[in-house]
Amino acid sequence: MEYSSKGARQSPTPNELAVWREYIETAEAMRQALAAGLQSTSGVSPGDYAVLLALSEAPEHKLRSSVLAEGIGWERSRLSHHLGRMENRGLIRRRKSGNDSRGAEVELTDDGARTFRASSAPHLRLVRRFFVDALAPEDLEAIGRVATSLRRHLKDLALEEEKG
């Protein structure tokens with residue numbers, strides 16, 4: 001059962017549920033289209049791209065695995081398995097952290113950097129084709145506001161739970 005911000009029990013209305021379902025189904029269809037397009041144009045999975053993007057933006061192209069997991073929103077075990085596959089392909093390397101033997105640093109290799117650069121332009125074209133081109137400028141602004149509101153709300157709820 002859902003709770004409103006006032007704490008009273010309240011289920012979503014049929015209209016609210018219809019909007020929620022449209023949002024969820026559209027987001028999944030968008031994710032699938034982007035994943036298939038990225039794989040076919042670049043041979044890179046969305047997970048690979050997320051890791052490569054995070055490392056390409058990091059200082060010295062390396063991050064602690066825990067920071068990387070948090071940054072891309074993955075559980076550590078999922079990231080560890082994915083990094084193993086990426087390491088086998090020569091896209092990243094893992095090393096023990098110099099100042100903490102419990103953690104590992106993940107570093108972008110030269111092959112990983114080349115793969116990221118080669119996949120970036122196709123990825124951005126797909127974002128334009130599947131997302132940006134479908135929206136009028138005012139719709140794009142509205143989606144930006146909605147996404148910001150949702151993200152803020154989730155952070156607020158997480159803070160409430162921590163205080164809890």
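1. Helices (H or I, at least four residues) and strands (E, at least two) are taken here as DSSP runs, numbered from the N terminus. Helix H3 is followed by glycine 73, and the phi of this glycine is positive, near 75°.

2. The model is a predicted one, in which local features need pLDDT of at least 70 and side-chain atom pairs count only at pLDDT 80 or more, while totals for chains, interfaces and linings use all residues. Residues are numbered from 1 along each chain as its sequence is written, and side-chain values use heavy atoms, with hydrogens and water left out.

3. For burial, a residue is called buried under 20% relative accessible area, exposed over 50%, and partly exposed in between (1.4 Å probe, protein chains only). On that scale the buried residues of H3 are Leu68, Ala69 and Ile72. Seen down the axis of H3, these buried residues fall within an arc of 100°, so they line one face of the helix; the arc is that of the directions from the helix axis to the C-beta atoms. Glu70 and Gly71, on the other side of H3, are exposed.

4. The largest nonpolar core has 23 residues, of which Val51, Leu55, Leu68, Ile72, Leu79, Leu83 and Ile92 touch the most other members; such a core is a set of buried Ala, Val, Leu, Ile, Met, Phe, Trp, Tyr and Cys residues joined through side-chain atoms within 4.5 Å. At least two residues of this core are supplied by each of helix H2 (46-57), helix H3 (65-72), H4, strand S3 (100-108) and helix H5 (110-130). H2 gives the largest share of this core, 5 residues. In soluble globular proteins, nonpolar side chains tend to be buried together.

5. Two residues may be read alongside that core, with contact meaning heavy atoms within 4.5 Å. Leucine 79, when residues up to four places away in sequence are not counted, touches Val51, Ser65, Leu68, Ala69, Ile72 and Trp74. Histidine 82 is placed in helix H4 (residues 76-88) and counts as buried because its relative accessibility is 10%. With residues up to four places away in sequence again not counted, histidine 82 touches Ser45, Gly47, Asp48, Val51 and Trp74.

6. The loop between H2 and strand S1 (62-64) deserves a look at the backbone. Glutamate 60 lies in this loop and has a phi near 60°, a positive value in a residue other than glycine; at 64% relative accessibility, glutamate 60 counts as exposed. Histidine 61 is found in the loop between H2 and S1 as well, and has a positive phi of about 60° although it is not a glycine. With a relative accessible area of 37%, histidine 61 is partly exposed.

7. On the surface, Leu17, Trp20, Tyr23, Ile24, Val146 and Leu150 make a nonpolar patch of about 590 Å². Helix H1 (14-42) and H6 are the elements that give two or more residues to this patch, and the largest share, 4 residues, comes from H1. Nonpolar patches are made of residues with over 30% relative accessible area and no salt bridge, their side chains (Val, Leu, Ile, Met, Phe, Trp, Tyr) being joined within 5 Å; a salt bridge is a side-chain nitrogen of Lys or Arg within 4 Å of a carboxyl oxygen of Asp or Glu. Tyrosine 23 is placed in helix H1 and is partly exposed, with a relative accessible area of 46%.

8. Leucine 135 lies in the loop between H5 and helix H6 (137-163), where at 24% relative accessibility leucine 135 counts as partly exposed. Leaving aside neighbours within four places in sequence, leucine 135 is in contact with Leu140 and Ile143.

Note on methods
Patch = residues over 30% accessible without salt bridge, like charges linked within 9 Å, V, L, I, M, F, W, Y side chains within 5 Å. Areas by Shrake-Rupley, 256 points an atom, 1.4 Å probe, with all protein chains shown as cover.
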